[in-house]
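This briefing concerns a protein model with a bound ligand. It addresses the surroundings of the ligand and then turns to individual loop residues.

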Amino acid sequence: MTKVELTGVEVAKHKSADDCWVIVHGRAYDVTDFLPEHPGGSKIILKYAGKDATEEFDPIHPPDTLEKYLPKDKHKGPVDMSTVVVEKQEVLPEEQERMKRIEEMPLLEQCYNLLDFEGVAKRVMKKTAWGYYSSAADDEITLRENQTAFQRIWFRPKILVNVEKVDFSTTMLGTKVDIPFYVTATALGKLGHVEGEVVLTRASARHNVVQMIPTLASCSFDEIMDAADASQVQWLQLYVNKDRAITKRIVEHAEKRGCKGLFITVDAPQLGRREKDMRLKFTDEGSNVQKGSGEKTDNSQGAARAISSFIDPGLCWDDIPWFRSVTKMPIVLKGVQRVEDVLRAVEVGCAGVVLSNHGGRQLDFARSGIEVLAETMPVLKKMGLEKKIEVYVDGGVRRATDIIKALCLGAKGVGIGRPFLYAMSAYGQEGVERAMQLLKDEMEMNMRLIGARTIEELNEGMVDARGLFSHGVGPVNFLAERVYDPLVGPPQRER
Ligand SMILES: Cc1cc2c(cc1C)[n+](S(=O)(=O)[O-])c1c(=O)[nH]c(=O)nc-1n2C[C@H](O)[C@H](O)[C@H](O)COP(=O)(O)O
């Protein structure tokens, strides 16, 4: 027998801290008992008590969150949405300004490189979304170092090589790809685009690019897998849950659905302190994780804190054999930052590592992935281990020359994060596709100019990386400087 629909008037009666219902996707939920447990604080839920919270809920939570985690007796059933009073949200002047910038934004064809997308996104994205995507830890030194490190590497191109035919296809974890980059895992895709990560999925499918599915996606895992086409390669990025039974379930499900790699994130026992995000979110009740004066300010920040309290800071090398017992997927450690740990990863039988500092969002003053690569490969070669493990790099990759430098120094491929988020946020799927195509065009041209016909012909003799380890001031990257958004500056008294 179908449940009688509730009316908006009935739901609106439950609007206090000790009797709190919300509506999400046309269904009412009693979240009274959950209020004190909500990692994002109770204030944001109470703001929508007795009302429709769908719009606020969607960017931060996979759609199946309530079905999965709220006890069934709290599910109050369907609501006749025609009876729900929609409060007219006044459009703030800042939002009117943003709408105007969207109308005047550059045409997609006017974006000639990945940093152009960053410049447009900075102008058209909601402040909180821009804050979350662009932010990095503390003073964002590592964020900037990730890009400048590439500028300390110079090419030693070969000439008079017949480069009429250039082929930059390769394999990653045994699967063939058209180009050696993948879309790395970045959380909360719906902050930037109403459809979220499935936009990246569709664009990756059209360009035969691997997508790494984030644990903290806005879309559910199955939505992202369902949006892929049959031949598409997808990997799972895993934040390990303190409750290993939940982790086991996620890993087994991913393998069953056809994921081709398990990337365990190892550089985030606690999410970094991203002050730009904290400041921007601080004005938004949603992230009311920073308590009032005096109390310990939470070390992470708004949105991510709200969805990451499950991450296990106790994860350690002893856990790796358990993962190998739980899945047949190749295991890659994402966030390795020193050669000693690469050697340990070989010892425990990992298929790969990603040399990464999480896009500068974790430990500030961590070295760039490309610098750790230059430290790692000579040691692996000396020990005859370079074929034992696939080494990836991410962080600061904005040009095909960055990809080529990484491959010359021995990487199997590179991960790219923010550029695809910005392209998606500003221009949707066609923005991501243009970004991928621009990289492919740059790749073809630069392979010709360096004198390499295939990925196999790229080697360390084609670069001069002697300056990489000296952190002297490199050339100024004016384009990056222009789009870089410094910390939002000291707090101003809220009006
Ligand atoms: C930009 C960004 C990166 C995130 C990311 C979210 C954003 C918005 N998130 S985070 O919320 O926890 O920090 C993840 C994540 O879910 N899991 C993860 O392994 N890496 C996460 N990363 C790091 C990402 O996988 C790459 O290491 C990083 O983005 C590479 O640097 P670029 O952005 O410069 O390409």
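The points below cover the ligand site first and the loop residues afterwards.

The model is predicted. Its ligand sits in the largest cavity, and 23 residues surround the ligand. Two residues other than glycine, His25 and Phe365, have a positive phi.

**Ligand shell**

- The closest of the 23 surrounding residues are Tyr132, Ala185, Tyr239, Thr265 and Arg398.
- By residue class, the shell around the ligand consists of 7 nonpolar, 10 polar and 6 charged residues.

**Polar contacts and enclosure of the ligand**

- Lys334 places a polar side-chain atom 2.8 Å from an oxygen atom of the ligand.
- Arg274 likewise contributes a polar side-chain atom, which lies 3.1 Å from an oxygen atom of the ligand.
- In the side chain of Gln237, an N or O atom is 3.4 Å from a nitrogen atom of the ligand.
- On its own, the ligand has 650 Å² of accessible area, and the protein covers 100% of this area.
- The ligand is located in the largest cavity.
- Helix H7 (127-134) and helix H18 (418-450) are the elements that give two or more residues to the shell around the ligand.

**Residues with positive phi**

- Most residues other than glycine have a negative phi.
- His25 is not a glycine, yet its phi is positive, at about 50°.
- His25 belongs to the loop between strand E2 (19-24) and strand E3 (27-30).
- The relative accessibility of His25 is 46%, so this residue counts as partly exposed, since the partly exposed class runs between 20% and 50%.
- Phe365, also a residue other than glycine, has a positive phi near 75°.
- The loop that holds Phe365 runs between strand E13 (352-355) and helix H16 (369-382).
- Phe365 has a relative accessible area of 62% and is therefore classed as exposed, a class that requires over 50%.

**Leu315**

- Leu315 is found in the loop between helix H13 (302-308) and helix H14 (320-326).
- With a relative accessible area of 24%, Leu315 is partly exposed, because the buried class requires a value under 20%.
- Between Leu315 and Leu160, the separation is 155 residues in sequence and 52 Å in space, taken from C-alpha to C-alpha.

Conventions: Residues numbered from 1 in each chain as written. Predicted model: local features only at pLDDT ≥ 70, side-chain atom pairs only at ≥ 80, totals over all residues. Heavy atoms only, no water. Near = heavy atom within 4 Å. Polar contact = N/O pair within 3.5 Å; in protein donor to acceptor, adjacent residues only side chain to side chain. Areas by Shrake-Rupley, 256 points an atom, 1.4 Å probe, with all protein chains shown as cover. 1 Å grid on protein atoms, 1.4 Å probe; cavity = no way out; pocket = protein on both sides within 12 Å on 5 of 7 lines; lining within 4 Å. Sits in = over half its atoms within 2 Å of the grid points. Helix = DSSP H or I, 4+ residues; strand = E, 2+ residues; numbered from the N terminus. Nonpolar A, V, L, I, M, F, W, Y, C, P; charged D, E, K, R; others polar. Buried < 20%, exposed > 50% of the residue type's maximum accessible area, 1.4 Å probe, protein only.
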